[in-house]
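Dear colleague,

I am handing over the structure below for your review. My notes on what was found in it follow directly after.

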Amino acid sequence: MKVLVIGAAGMIGAKLVAKLAKDGALGGKTITAMEAVDIVAPTPPPAPFPIETGAYDIAAVYVAGKLAASRADVVFLLASVVSGEAARVNRDDGDNGLLVAARARRG
């Protein structure tokens with residue numbers, strides 16, 4: 001199973017990545033790969049599977065398609081901001097863009 005964690009450098013995201021890396025499984029299924037991304041590249045913990053990291057602004061136009069193209073089996077969307085940019089990242093271009101791209105990839 002491939003897992004994608006968006007917001008992996010934040011407090012909750014980093015703890016989730018560490019827990020998944022330690023367990024090596026989710027819901028009784030073995031994790032075979034993980035992609036951990038945030039506005040700054042997270043530092044991956046040791047894991048029994050490869051962890052690819054990346055630094056992306058999820059509200060940027062090209063990012064939603066790139067992340068959806070990874071065809072993750074499970075996506076944790078933990079990215080958010082508390083500022084004047086909140087609507088752009090948390091709702092408009094960020095979260096909504098990812099959902100639209102994921103739906104398009106599923107056909």
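Two residues are said to be in contact when heavy atoms of theirs lie within 4.5 Å. With that in mind, E35 is in contact with K2, V3, L4, V5, E52, Y56, L67 and S70, leaving aside its neighbours within four places in sequence. Please note that the model is predicted.

Overall architecture

The protein chain has three helices and six strands. Read along the sequence, these elements follow the pattern β-α-β-β-β-β-α-β-α. Of the 107 residues in the protein chain, 37% count as buried. Among the contacts with a separation of 6 or more, 61% are between residues 24 or more positions apart. The accessible surface of the protein chain amounts to about 6,100 Å², and carbon and sulfur atoms contribute 58% of that area.

Nonpolar cores

The largest nonpolar core consists of 13 residues, and V3, V5, V17, L20, M34, F49 and I51 are those with the most contacts inside it. At least two residues of this core come from each of β1 (2-6), α1 and β4 (33-38). Helix α1 gives the most to this core, namely four residues. There is also a second, separate core of nine residues, which includes L4, I6, V63 and L67.

Two members of the largest core may be described through their surroundings. V5 is found in strand β1. Because its relative accessible area is 0%, V5 counts as buried. Leaving aside neighbours within four places in sequence, V5 is in contact with G13, L16, V17, M34, E35, A36, V37, F76 and L78. The C-alpha atoms of V5 and V37 are separated by 6.3 Å, although these residues are 32 residues apart along the chain. I51, for its part, touches A21, M34, A36, P44 and P45, when residues up to four places away in sequence are not counted.

E35 and charge pairing

E35, with which these notes began, lies in strand β4. What is the nearest side chain of opposite charge to E35, and how far away is it? It is that of K2, at 4.3 Å. E35 is buried yet has no salt bridge. The cut-off matters here: a salt bridge requires a side-chain nitrogen of Lys or Arg within 4 Å of a carboxyl oxygen of Asp or Glu. K2 is nevertheless among the contacts of E35.

The structure holds one salt bridge. In that pairing, the side chains of D23 and K19 meet at 3.0 Å, N to O. D23 and K19 are separated by about one helical turn, because they are four residues apart in helix α1. Both ends of the pair count as partly exposed, since the relative accessibility is 40% for D23 and 46% for K19.

Strand β6 and the loop before it

V75 has its place in strand β6. With a relative accessible area of 47%, V75 is partly exposed. Leaving aside neighbours within four places in sequence, V75 is in contact with L4 and I6, both of which are included in the second core. The C-alpha atoms of V75 and E35 are separated by 9.5 Å, and the two residues are 40 residues apart along the chain.

R71 is located in the loop between α2 (63-69) and β6 (74-77). Its backbone deserves a remark: phi of R71 is near 55 degrees, which is a positive value in a residue other than glycine. Most residues other than glycine have a negative phi. At 49% relative accessibility, R71 counts as partly exposed.

A nonpolar patch on the surface

Which residues form a nonpolar patch on the surface? They are M11, I12 and L78, which together have about 320 Å² of accessible area. M11 lies in helix α1, which covers residues 11-23. M11 counts as exposed, because its relative accessibility is 62% and the threshold for exposed is over 50%. L78 links this patch to the largest core, in that L78 is one of the contacts of V5.

In summary, the main points for your attention are the two separate nonpolar cores, the buried E35 without a salt bridge, the D23 and K19 pair, the positive phi of R71 and the nonpolar surface patch of M11, I12 and L78.

With kind regards

Note on methods:
Residues numbered from 1 in each chain as written. Predicted model: local features only at pLDDT ≥ 70, side-chain atom pairs only at ≥ 80, totals over all residues. Heavy atoms only, no water. Patch = residues over 30% accessible without salt bridge, like charges linked within 9 Å, V, L, I, M, F, W, Y side chains within 5 Å. Areas by Shrake-Rupley, 256 points an atom, 1.4 Å probe, with all protein chains shown as cover. Buried < 20%, exposed > 50% of the residue type's maximum accessible area, 1.4 Å probe, protein only. Core = buried A, V, L, I, M, F, W, Y, C linked by side-chain atoms within 4.5 Å. Lys, Arg positive; Asp, Glu negative; His and termini not counted.
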